[in-house]
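Welcome, and please load the model in your viewer. We will go from one selection to the next and say what is there at each stop.

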Amino acid sequence: MERRRNERPTEPEGYVLTPEQEKSRRARNIAIGVAVALFVALFYFVTIVKLGGNVVPRSQ
Amino acid sequence: MSDASFILDDSAPRVPTAAPGDYLALLKPRVMSLVVFTALAGLLLAPTPPHPVLAFASLLAIAVGAGASGALNMWFDADIDALMTRTRLRPIPAGRLAREEALAFGLVLAVMAVFTLGLVANWLAAALLAFTIFFYVVVYTMWLKRSTPMNIVIGGAAGALPPVVGFAAATGSVDLSSIVLFSIIFIWTPPHFWALALVKRDEYGRAGVPMLPNVAGEDRTRLEILAYSLALAPIGVAPYLLGFASPIYGVASILLGAALILGAVQVFRLRSGEAARRAAMRLFFFSIVYLFLLFMALVIERLVHLSPWFA
């Protein structure tokens with residue numbers, strides 16, 4: 001059957017990453033994710049330590 | 001480039017293939033570990049060290065600030081790094097990372113490190129960290145390194161500041177004890193790097209970096225190494241003499257100082273051939289041991305002194 005003119009091509013458009021580029025991008029994304037999670041955890045614990053026992057009185 | 005030519009440009013986009021390890025290498029982990037260690041010594045000198053969580057966060061911020069300096073140094077020095085065997089496998093000259101990626105990485109980390117230290121500890125420590133990064137990147141890397149054989153003498157201030165930053169993070173001030181630690185590293189830096197420069201003279205010459213042996217000659221360098229080592233040994237004992245280190249530290253620093261001077265005398269006496277090269281490399285490596293053991297002694301005795309802090 002003949003393909004209609006306005007039908008989207010099945011092949012991906014634009015630049016296709018090589019397996020090596022995909023692999024390194026995935027590794028970088030994981031590293032950024034881990035770093036951000038650790039950064040959030042760091043600030044969480046620092047906040048808890050800095051507030052100390054002052055959390056409860058402020059909420060009363 | 002016009003918009004049309006940009007659209008018509010069918011060359012493949014530059015997609016980085018750098019691994020996380022390449023970004024880690026930009027931070028100069030070995031330098032970072034020394035910075036953390038010396039900053040820890042400064043932090044522990046505080047009469048009342050901060051809560052362990054705050055101390056850890058402060059040291060992490062100082063470490064990341066030092067790493068950011070390393071990344072910015074590699075961004076600026078990529079051209080000369082490619083010319084020296086010691087540095088040519090770094091991520092940028094090896095082609096694994098683009099210079100602009102290192103620049104962006106370094107700037108983002110520097111800003112994050114300074115603000116984190118400001119929020120976690122205090123703004124004096126943050127300002128000192130910002131000054132340290134500025135001094136290393138702008139004053140040393142961009143200006144002094146390629147223009148004067150005094151590059152590492154003045155630039156050494158950047159490497160000497162971490163104990164002052166650590167002390168400021170703990171106390172919000174700067175006092176004599178942290179200045180003494182600064183002085184030890186500041187006076188230690190020239191003989192340490194000049195010993196290496198004696199061996200790597202040709203490489204520095206090829207890269208156009210005016211190290212002392214290339215500019216003033218090897219004999220003058222050997223004399224300067226000896227002079228700085230003679231100055232360093234008594235400064236190394238100063239923490240004991242000024243009363244913020246124990247007699248055990250005092251004895252250790254005297255013995256280590258004597259060994260350092262002995263190494264410098266060897267470098268001064270042996271002037272040619274393989275023996276001279278080996279004497280210089282021995283002094284280079286021993287100077288690392290010297291600084292490490294001095295600060296290790298300070299850290300251990302402060303930890304013992306403050307042991308309830310860990311209870």
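Begin inside chain B of this predicted model: where its two domains meet, 30 residues of domain 1 of chain B are in contact with 26 residues of domain 2 of chain B. To colour the two parts, select 25–174 of chain B for domain 1 and 188–311 for domain 2. Placing a marker at the centre of each, taken over C-alpha atoms, you will find 21 Å separating the two.

**Stop 1: the side of domain 1**

Now look at how much area the two domains of chain B hide from each other. About 2500 Å² is buried between domain 1 and domain 2 of chain B, and carbon and sulfur atoms give 76% of that area. Select Phe37(B), Leu44(B) and Ile152(B) next: in domain 1 of chain B these residues lose the most area to domain 2, together 25% of what that side buries.

Which elements give two or more residues to the side of domain 1 of chain B that touches domain 2 of chain B? Show helix H3 (29–44), helix H4 (52–76) and H8 of chain B, and you have them. H3(B) provides the largest share of that side, with six residues. If you colour this side of domain 1 of chain B by class, expect 20 nonpolar, seven polar and three charged residues.

For specific pairs, turn on polar contacts. Between domain 1 and domain 2 of chain B there are four residue pairs in polar contact, counting pairs with both residues at pLDDT 80 or more. The count of salt bridges between these two domains of chain B is zero.

**Stop 2: two helices side by side**

Stay in chain B and select helix H8 (residues 151–160) together with helix H9 (residues 162–171). Their axes are 6 Å apart, and the two helices of chain B pack at an angle of about 35 degrees. Show side chains for Ala158(B), Gly159(B) and Ala160(B) in H8(B), which meet Pro162(B), Pro163(B) and Val164(B) in H9(B). By class, this contact of H8(B) with H9(B) has five nonpolar residues, one polar and no charged.

**Stop 3: a charged pair**

Side chains of opposite charge can pair when their charged atoms come close. Over all chains, the count comes to 10 salt bridges. For one of them, select Arg146(B) and Asp77(B), where the closest N and O atoms are 2.8 Å apart. Arg146(B) sits in the loop between helix H7 (123–144) and H8 of chain B, while Asp77(B) is in the loop between H4 and helix H5 (78–81) of chain B, so the pair ties together parts that are 69 residues apart in sequence.

**Stop 4: chain B against chain A**

Bring chain A back into view. How many residues does each chain give to the contact? Chain B gives 19 residues and chain A gives 15 residues. The area buried between chain B and chain A is about 1400 Å², with 80% of it from carbon and sulfur atoms. Highlight Val15(B), Thr17(B) and Pro20(B): in chain B they lose the most area to chain A, together 29% of what that side buries.

Between chain B and chain A, the count is zero salt bridges and three residue pairs in polar contact, both residues at pLDDT 80 or more. Helix H2 (20–26), H4 and helix H6 (99–120) of chain B are the elements that give two or more residues to the side touching chain A. H4(B) has the largest share there, with five residues. Colour this side of chain B by class to finish: 16 nonpolar, three polar and no charged residues.

Methods. Residues numbered from 1 in each chain as written. Chains lettered and ligands numbered in written order. Predicted model: local features only at pLDDT ≥ 70, side-chain atom pairs only at ≥ 80, totals over all residues. Heavy atoms only, no water. Axes fitted to C-alpha atoms, helices over the stretch in contact; angles between N-to-C directions. Helix = DSSP H or I, 4+ residues; strand = E, 2+ residues; numbered from the N terminus. Contact = heavy atoms within 4.5 Å. Nonpolar A, V, L, I, M, F, W, Y, C, P; charged D, E, K, R; others polar. Domains from an automatic or database assignment. Buried area = accessible area lost by both parts, 1.4 Å probe. Salt bridge = Lys/Arg side-chain N within 4 Å of Asp/Glu carboxyl O. Polar contact = N/O pair within 3.5 Å; in protein donor to acceptor, adjacent residues only side chain to side chain.
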